[in-house]
2 protein chains.
Amino acid sequence: MPPTAGRPSRRGFLKGSAAAGGAALLAGAGVGEAMASGPDNLPPNVPEWMQSLGPGVTASPYGMPSPHERHIVRRNVPWLTATEESSINFTPLHELDGIITPNGLCFERHHGGVPEIDPAQHRLMIHGLVDRPLIFTMDDLMRFPSVSRIHFLECPANGGMEWRGAQMAGVQFSHGMVHCCEWTGVRLSTLLAEVGVQKPAKWLLAEGADAAAMTRSIPLDKAMDDVILAYSQNGERVRPENGYPLRLMVPGWEGNVNVKWLRRIKIGDQPWHHREETSRYTDLMPDGKARQFTFVQEANSVITSPCPEKPMKFGKGFYEIRGIAWSGYGRISKVDVSLDGGMNWQTAELQKPVLSKSLTRFRFPLQWDGRPLLLQSRATDESGYVQPTIEALRKVRGINSIYHKNSIHTWRVHPGGEVENVQIG
Amino acid sequence: MPPTAGRPSRRGFLKGSAAAGGAALLAGAGVGEAMASGPDNLPPNVPEWMQSLGPGVTASPYGMPSPHERHIVRRNVPWLTATEESSINFTPLHELDGIITPNGLCFERHHGGVPEIDPAQHRLMIHGLVDRPLIFTMDDLMRFPSVSRIHFLECPANGGMEWRGAQMAGVQFSHGMVHCCEWTGVRLSTLLAEVGVQKPAKWLLAEGADAAAMTRSIPLDKAMDDVILAYSQNGERVRPENGYPLRLMVPGWEGNVNVKWLRRIKIGDQPWHHREETSRYTDLMPDGKARQFTFVQEANSVITSPCPEKPMKFGKGFYEIRGIAWSGYGRISKVDVSLDGGMNWQTAELQKPVLSKSLTRFRFPLQWDGRPLLLQSRATDESGYVQPTIEALRKVRGINSIYHKNSIHTWRVHPGGEVENVQIG
């Protein structure tokens, strides 16, 4: 019997709409204790935290997670960069559900540390090939017509440490340079109408107000399409490490062009070829040439449960395989899951609504018989693009790249339930 | 000329898709400074925060808002309740954008303070009219098939202080007992299939593990429809004040039945008539009888900008009117805005996607000529329900109620731009 036969019928639990007589999914599988079997503080007895009043409504004007979740934090890899002011930390994907990443856990990438900006003093200058060069205050920008969009944002180096075969310890480090938030701001096209872009204009330069003065060139077509100057993230003001008080949100494009702490946009007729688009954020091909301006984050996906940090610890029985998929080309149209390293594929369920250029949560039910698995997920987007194998990717791009490694990822599940990061094929 | 004539044409900025030659919206209206007009640290000069490195990626494993946003917090009204352990605080709606409420700013309502629960010790017991009474650990619950949904949650007392005409100072206190998050958990119907609900069952009792042992009766039909036992909120574990480690999410129904710190569900054939559904959370009618089990939060809306906390401070010119609408019956189908206290109405733009039983952001562009306004919004939902006037609501329900006051709200805008909370009609 192939591992794929282990999938339980949907009828037993995904519907579950008739409780009386409905099939129990985990009964007899060690889930659910007999009544009154617990220590004194478990039901039907009264635990100690019900026996005295807790803190009232003035205790935390701005709330924080439970102290029991203190281990769920962004983590960095000290050896990865020379200094921590030009470095990266990673989102704990294995501890997250749904598609929204809470602001406190969004990965950070800085090139000169996080500037401490006074929003009353911050300005955005738009100049170059324009009729009316202007300087905007934050008050000005928040007065314009606004728009809110849920979009993922991914560093193009996500997964890049595995190009040559090195395996990160778990999903936080293998895929944690991605997050997904609801961004609110003013459309860049609205501001460009305000300054009046002149005819020969084709590109713009975006500059951050950090110590690196991070600068990237962006084609005007994209700017006019769906780029937002965001001042809010998941409802509240953008966090300092994510660009407070103002950042570019360039939907579906590599994180680096989503310039944080945005202070200047210059309009021109050609790209600027600054440091971050020449010596960095280019893809070195096998023939020694480099691909430049590879902006789109192509379709990608990863299983976040199980994963090395979340093993299959209950032995044989039911597990829900959970993961995330995303594509810079638009909506995810399908995610397939393989239990045998890509020989057989089955379609996962996508959580609705499936939004364009957003994380999409997928789920796949599995009755595990205890045999070893090679778990994979494969995303397809609405453009028809299918997430490639690492083999196919290396064939085209070689092994010199750092960026845009979006290949199918493999977790090896051992009979004991341990999950290991492996590369196959 | 009626105030409604002040609406600018959409062409000038909502499209804005042709930058060259596009109409400038705010040019000449005091928005945007001339180049090089600022102090030394403004563009094109280099501000001080670009002149040294900021903190690196280990500085905040769990991030927080900028110190400049320290004033954006939940606030309570000290005189409202006898103790702060059985009280309420309010979401700062005037400072929020989009539809997602960040976890740290979701309003709190406790009946016995926030219990400090160890998730490893927490249990959920399901018993009563079932075939297999069971006790579940958090590990058990997180193993079941999961679902994620974006839903609003509103205390039925939201706005209740204004039933008799008292006016709260601003939108944080008039409407701030509502939030909207992405909730992930296991469907209650899945667990009810697990325990096997018996034939005569019609109701369930949900009990919290707080010092109040908060209990509410819920019809089984709703439980089987869309109720979730949520362990995640906006991606991460539910916050302590919002029910950590487990809460009921009863989409579209009054906050009180969304029992937090959920420890027990008993299945029965009739409601229990506990304290919170007899002496509280009932609606006292003019004839002295009380409506009981008025669960649904009917269509409601409010303008969050401008509002008393966010006056129209720029004088005459362009403003975007922004607000939120929601309904416990499903999707918002329309929001109308009035500038003249309900004599004339115009349709606002709804931010997509419009989700069922979720906050919906609406926007309406206004060229203000400086005349006084009576700003109102009116929500209609997909069931055809139209948000009523306070007059219509009082006619049916009198003025003895505390709960379910979802009437059209009015902000009076004075010529100087100050915004005042008033009741008309």
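Trainee: Which residues of α3(B) are buried, and what makes them count as buried?

Mentor: In this predicted model, the buried residues of α3(B) are L188(B), S189(B), T190(B), L191(B), L192(B), A193(B), E194(B) and V195(B). A residue earns that word if 20 or more other C-beta atoms lie within 10 Å of its own, and 8 of the 8 residues of this helix, which spans residues 188–195 of chain B, are buried, so the helix is called mostly covered.

Trainee: What do the buried residues of α3(B) pack against, and what follows the helix?

Mentor: They pack against β3 (124–128), β4 (134–136), β6 (178–187), α4 (220–225) and β9 (228–233) of chain B, where the criterion for a contact is that C-beta atoms lie within 7 Å. Just after the helix, G196(B) takes a positive phi of about 75°.

Trainee: Where does α3(A) pack, and how many of its residues are buried?

Mentor: For α3(A), 8 of its 8 residues are buried, among them L188(A), E194(A) and V195(A). Its buried residues pack against β3 (124–128), β4 (134–136), β6, α4 (220–225) and β9 (228–233) of chain A, and G196(A), just after the helix, takes a positive phi of about 75°.

Trainee: How do you know that chain A and chain B are related by a two-fold axis?

Mentor: Chain A can be laid on chain B with an RMSD of 0.0 Å by a turn of 180° and a shift of 0.0 Å along the axis. That is the relation of a two-fold axis. Of the residues of chain A, P102(A) comes closest to the rotation axis, with its C-alpha at 3.7 Å.

Trainee: Why is it said that the copies meet through the same surface?

Mentor: The statement rests on the interface residues of chain A, 100% of which are also interface residues in chain B, so the copies meet through the same surface. In the contact between the chains, 123 residues of chain A touch 123 residues of chain B. Helix α3 of chain A gives the most to the side of chain A that touches chain B, with 5 residues, and by class that side has 58 nonpolar, 38 polar and 27 charged residues.

Trainee: What makes a set of residues a nonpolar core, and which residues have the most contacts inside the largest one?

Mentor: The residues must be buried, belong to the nonpolar types from Ala to Cys that the criterion names, and be joined through C-beta atoms within 7 Å. The largest such core has 205 residues, and those with the most contacts inside it are L141(A), L229(A), L141(B) and L229(B). The largest share of this core, 6 residues, comes from strand β16 (residues 317–326) of chain A. Leaving aside residues up to four places away in sequence, L141(A) touches L124(A), F136(A), V186(A), L229(A), Y231(A) and L246(A). As a general background, nonpolar side chains tend to be buried together in soluble globular proteins.

Trainee: Why is β15(B) called largely enclosed?

Mentor: Strand β15 of chain B covers residues 300–305, and 6 of its 6 residues are buried, so it is largely enclosed by the rest of the structure.

Trainee: How do you know that β15(B) pairs with β16(B), and where does β15(B) stand in its sheet?

Mentor: Pairing requires at least two bridges, and 5 bridges join β15(B) to β16(B), so the two strands, which run antiparallel, meet the criterion. One of the bridge partners is W326(B) in β16(B), which faces N300(B). The open sheet has 4 strands in the order β15-β16-β20-β19 of chain B, with antiparallel pairing. Both β15 and β19 (349–350) stand at its edges, each with a single partner strand, so one side of each is left without a neighbour in the sheet.

Trainee: What makes β18 and β23 of chain A edge strands?

Mentor: The open sheet of 5 strands runs in the order β18-β17-β21-β22-β23 of chain A, with antiparallel pairing. Each of β18 (346–347) and β23 (419–422) has a single partner strand, so one side of each is left without a neighbour in the sheet. For β23(A), 4 bridges join it to β22 (residues 410–413), and the bridge partner of R412(A) in β23(A) is E420(A).

Trainee: How many residues of the two domains of chain A are in contact?

Mentor: The domain assignment gives domain 1 (75–291) and domain 2 (300–422), and 32 residues of domain 1 are in contact with 28 residues of domain 2.

Terms used
Residues are numbered from 1 along each chain as its sequence is written. Chains are lettered from A and ligands numbered from 1 in the order in which they are written. This is a predicted model: local features need pLDDT of at least 70, side-chain atom pairs count only at pLDDT 80 or more; totals for chains, interfaces and linings use all residues. A residue is buried if 20 or more other C-beta atoms lie within 10 Å of its own, exposed if 12 or fewer, and partly exposed in between; C-beta atoms are placed from the backbone. Ala, Val, Leu, Ile, Met, Phe, Trp, Tyr, Cys and Pro count as nonpolar, Asp, Glu, Lys and Arg as charged, and the others, Gly among them, as polar. Copies are superposed by least squares on the C-alpha atoms of residues with pLDDT of at least 70 in both. Domain bounds come from an automatic or database domain assignment.
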